[in-house]
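Thanks for coming. I will go through one model this morning, starting from a single loop and working outwards. Please have the structure open while I talk.

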Amino acid sequence: MSITGECFCGEISYQVTGKLGDTTSCHCSRCRKAFSSQASASALVQPSQFTWLKGESLLSTYSSAQDFGLQFCRMCGSTLCTIYKGEVFQIMLGCLNGSPDIEIGKHIYVGSKAKWEVMPSDVTQFDKGP
Ligand SMILES: [Zn+2]
Ligand SMILES: [Zn+2]
């Protein structure tokens, strides 16, 4: 069974074969800005198991650091994935379709979360990185 995802407007979609890797939610101030939310939520993928199904030409890339970038839909602004040296290495969980069998494994940089965010107490959390 393959896992699929798409952006908000639906013009871009992708497929992941095999299982998703480690899932992480990062609450640092950079992720809040980058993902317009209280935290990022992502899963690692093997580049060889990731395929764009349609809309790849609508992707824009923002280089956030050397060799690293965010890829988003230029129509609707959804951030779909992060890339390292041009290859997809992380997908953002918010764009997944349906209910794949995953849970966020760890919450990181909880020590710098927004004051307005209330963390559940029963999750695996780290003040900084694990
Ligand atoms: Zn879109
Ligand atoms: Zn972060």
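Start at Gly18, which lies in the loop between S2 and strand S3 (23-26). By strands I mean DSSP runs of E with at least two residues, by helices runs of H or I with at least four, both numbered from the N terminus. Before going further: this is a predicted model, in which local features need pLDDT of at least 70, side-chain atom pairs count only at pLDDT 80 or more, and totals for chains, interfaces and linings use all residues. Residues are numbered from 1 along each chain as its sequence is written, and chains are lettered from A and ligands numbered from 1 in the order in which they are written.

Is Gly18 buried or exposed? Gly18 is exposed, with 12 other C-beta atoms within 10 Å. The cut-offs are 20 or more other C-beta atoms within 10 Å of a residue's own for buried, 12 or fewer for exposed, and partly exposed in between, with C-beta atoms placed from the backbone. Leaving aside neighbours within four places in sequence, Gly18 is in contact with Gln46 and Gln49; contact means C-beta atoms, placed from the backbone, within 7 Å. Val123 is 105 residues from Gly18 along the chain, and their C-alpha atoms are separated by 26 Å.

Now the overall picture. The protein has one helix and 10 strands, and along the sequence they follow the pattern β-β-β-α-β-β-β-β-β-β-β. The C-alpha atoms fill a box of roughly 40 × 30 × 25 Å along the principal axes. For 130 residues, a compact globule would have a radius of gyration near 14 Å, and the protein agrees with that at 14 Å. That radius is taken over C-alpha atoms, and the globule rule is 2.2 Å times the number of residues to the power 0.38. Buried residues make up 25% of the 130. Of the contacts with a separation of 6 or more, 54% are between residues 24 or more positions apart.

Next, the sheet. In what order do the seven strands of the open sheet stand? The order is S6-S7-S8-S9-S4-S3-S10, and the pairing is mixed. Two strands count as paired if DSSP finds at least two bridges between them. Strand S6 (59-65) and strand S10 (106-108) are at the edges with a single partner strand each, so one side of each has no neighbour in the sheet. The twist averages 30 degrees from one strand to the next, where axes are lines fitted to C-alpha atoms, for helices over the stretch in contact, and angles run from 0 to 180 degrees between N-to-C directions.

Going in from the S6 edge, S6 and S7 are antiparallel over six bridges, and Leu59 has Cys73 in S7 as its bridge partner. S7 (residues 68-73) then pairs with S8 (residues 79-84), antiparallel again, over five bridges. Phe72 stands opposite Thr79 in S8. The hairpin of S7 and S8 has five residues between the strands, and Gly77 there takes a positive phi near 90 degrees. S8 and strand S9 (residues 87-92) run antiparallel and are joined by four bridges. That hairpin has two residues between the strands, with Lys85 at a positive phi near 50 degrees.

Back at the N terminus, S1 and S2 pair antiparallel over four bridges, with Gly5 opposite Tyr14 in S2. Along strand S1 (residues 3-6), Ile3 and Gly5 point to one face and are buried, while Thr4 and Glu6 point to the other and are not.

What is in the core? The largest nonpolar core has 15 residues, and those with the most contacts inside it are Val16, Leu20, Val45, Cys73, Leu80, Cys81 and Ile91. A nonpolar core here is a set of buried Ala, Val, Leu, Ile, Met, Phe, Trp, Tyr and Cys residues joined through C-beta atoms within 7 Å. Strand S2 (13-16), S7, S8 and S9 each supply at least two residues of this core, and the largest share, three residues, comes from S9. Apart from it lies another core, of six residues, including Cys31, Ala39, Ile108 and Val110.

Last, two non-glycine residues with positive phi. Ser36 has phi near 50 degrees and sits in the loop between helix H1 (29-35) and strand S4 (40-44). Ser36 is exposed, with 9 other C-beta atoms within 10 Å. Tyr109 has phi near 55 degrees and lies in the segment after S10. Tyr109 is buried, with 22 other C-beta atoms within 10 Å.

Notes. Contact = placed C-beta atoms within 7 Å.
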